Amino acid sequence: MIPFLDLQKINATYKQELIQAFARVLDSGWYVMGTELNQFETDFATYCGTKHAIGVANGLDALTLILKAYIQLGVIQEGDEILVPSNTYIASILAVSATNLVPVLVEPDPKTFNIAPELLQSKITPRTKAILPVHLYGQLCDMPAILAIAKKNHLLVIEDSAQAHGAILNHQKAGNWGDAAGFSFYPGKNLGALGDAGAITTNNDALASCIRALLNYGSHQKYHNTYKGVNSRLDELQAAFLGVKLKKLDSETALKRSIALRYQTEITNPKILLPQANNPLAHVWHLFVVRTEDRKAFQDYLKTNQIETLIHYPVPPHQQEAYKEWRDLRFPVSEKIHQTVLSLPLSAVLTKPEVDRIICVINAY
Ligand SMILES: *Cc1c(COP(=O)(O)O)cnc(C)c1O
């Protein structure tokens, strides 16, 4: 069986360095808020080209804390509206709900799967305060167009960069386009920890300072609490592991790009619709998502041929039980995407014979 994503094999390529990092932290006797976190934050900020990178416990917290900080700073009020894509992973929307803000869903472009800039304007009301574009599957949204609309309407832009570490357009990376960005280092993400982890990037000093307090009980100074904060710290072990893997992120991405390019040029079966990447460097291929009308038949066929695939995602947010209040809303583009998408195996440890076989099996379907 060719697994969808072999995390054991990916992390085995870093085994010696991960063990060294573990030993360093173990022997230091210091496990939270120390030098490993400081170093990773510096390295990740440098990588993204931003002034600040702030480690947090996970990607959902990253997005939630950005919104909480804007509320704390009086920039956003509870009940304000945030424009989000209607076909994202649920966490993007949960962050908005969790801060008592109102998610307003906007359909994606059917070719890129990313929020359609031309549909944003008609959704803007006097209560709209921010656009939350999600660089879905690793491809940067049309950020120049989104920033132009944000500027014209005085809106914030908060990037959900959880799937797009290192995606770059015009020398500007994911996480450095908007006012702030949330990253996830969930093990399966492009930069993955050995557990949960996340980060926030921003160039805004006041926002960064507020977030640093909020993630640590609302405290700038120990035992003095400015805000009703939370505990969402990135621990020393995960920071040390992430530091090891960050150094190789670009080479892993390059390998993924070369496999994605092979899929795009060598899969020629007309029943399979391939994803589009107009700017190759603006896509880091977190997922390689194809579309086909009879998805179940295609997925079963691949399974019979020992190829594991997954669906990202089977149920659109407005049809989730958690958002019953949206049951009567219709988002035809998103619904169609959710019914037809299938993610193929794609990772830096996929071998040439495996890629050959995947292409051959798909073309014979
Ligand atoms: C993974 C993911 C998140 C949430 O990150 P966690 O670290 O799992 O909390 C948010 N948004 C998107 C688009 C994601 O893919």
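The following exchange concerns the fold, the nonpolar core and the aromatic pairs of a predicted model.

Biologist: On what basis are residues numbered and values counted here?

Modeller: Residues are numbered from 1 along each chain as its sequence is written, and side-chain values use heavy atoms, with hydrogens and water left out. Because this is a predicted model, local features need pLDDT of at least 70 and side-chain atom pairs count only at pLDDT 80 or more, while totals for chains, interfaces and linings use all residues.

Biologist: What is the radius of gyration of the protein, and why does the protein count as compact?

Modeller: The globule rule (2.2 Å times the number of residues to the power 0.38, with the radius of gyration taken over C-alpha atoms) gives 21 Å for 365 residues. The protein comes close to that, so it is as compact as a globular protein of that length, with a radius of gyration of 20 Å.

Biologist: Which helix gives the most to the largest nonpolar core?

Modeller: A nonpolar core is a set of buried Ala, Val, Leu, Ile, Met, Phe, Trp, Tyr and Cys residues joined through side-chain atoms within 4.5 Å, where buried means under 20% relative accessible area, exposed over 50% and partly exposed in between (1.4 Å probe, protein chains only). The largest such core has 44 residues, among them Leu 67 and Ile 211. Elements that each supply at least two residues include strand 1 (52–56) and helix 7 (205–214), helices (H or I, at least four residues) and strands (E, at least two) being DSSP runs numbered from the N terminus. The most, 7 residues, comes from helix 4.

Biologist: How is the aromatic pair of Phe 44 and Tyr 47 classed?

Modeller: Rings of Phe, Tyr and Trp (its six-membered ring) pair if their centres lie within 6.5 Å, and planes under 30 degrees apart count as stacked, over 60 as edge-to-face and the rest as tilted. Both residues lie in helix 3 (residues 35–48), 3 residues apart, and both are buried, Phe 44 at 1% relative accessibility and Tyr 47 at 13%. With 6.3 Å centre to centre and 15 degrees between the planes, the pair is stacked.

Biologist: How many residues apart in sequence are the parts that the pair of Phe 298 and Tyr 365 ties together?

Modeller: The ring centres lie 4.8 Å apart with planes at 50 degrees, so this pair is tilted. Phe 298 is buried at 0% relative accessibility, whereas Tyr 365 is partly exposed at 22%. Since Phe 298 lies in helix 10 (residues 295–304) and Tyr 365 in the segment after helix 12 (352–363), the parts tied together are apart in sequence by 67 residues.
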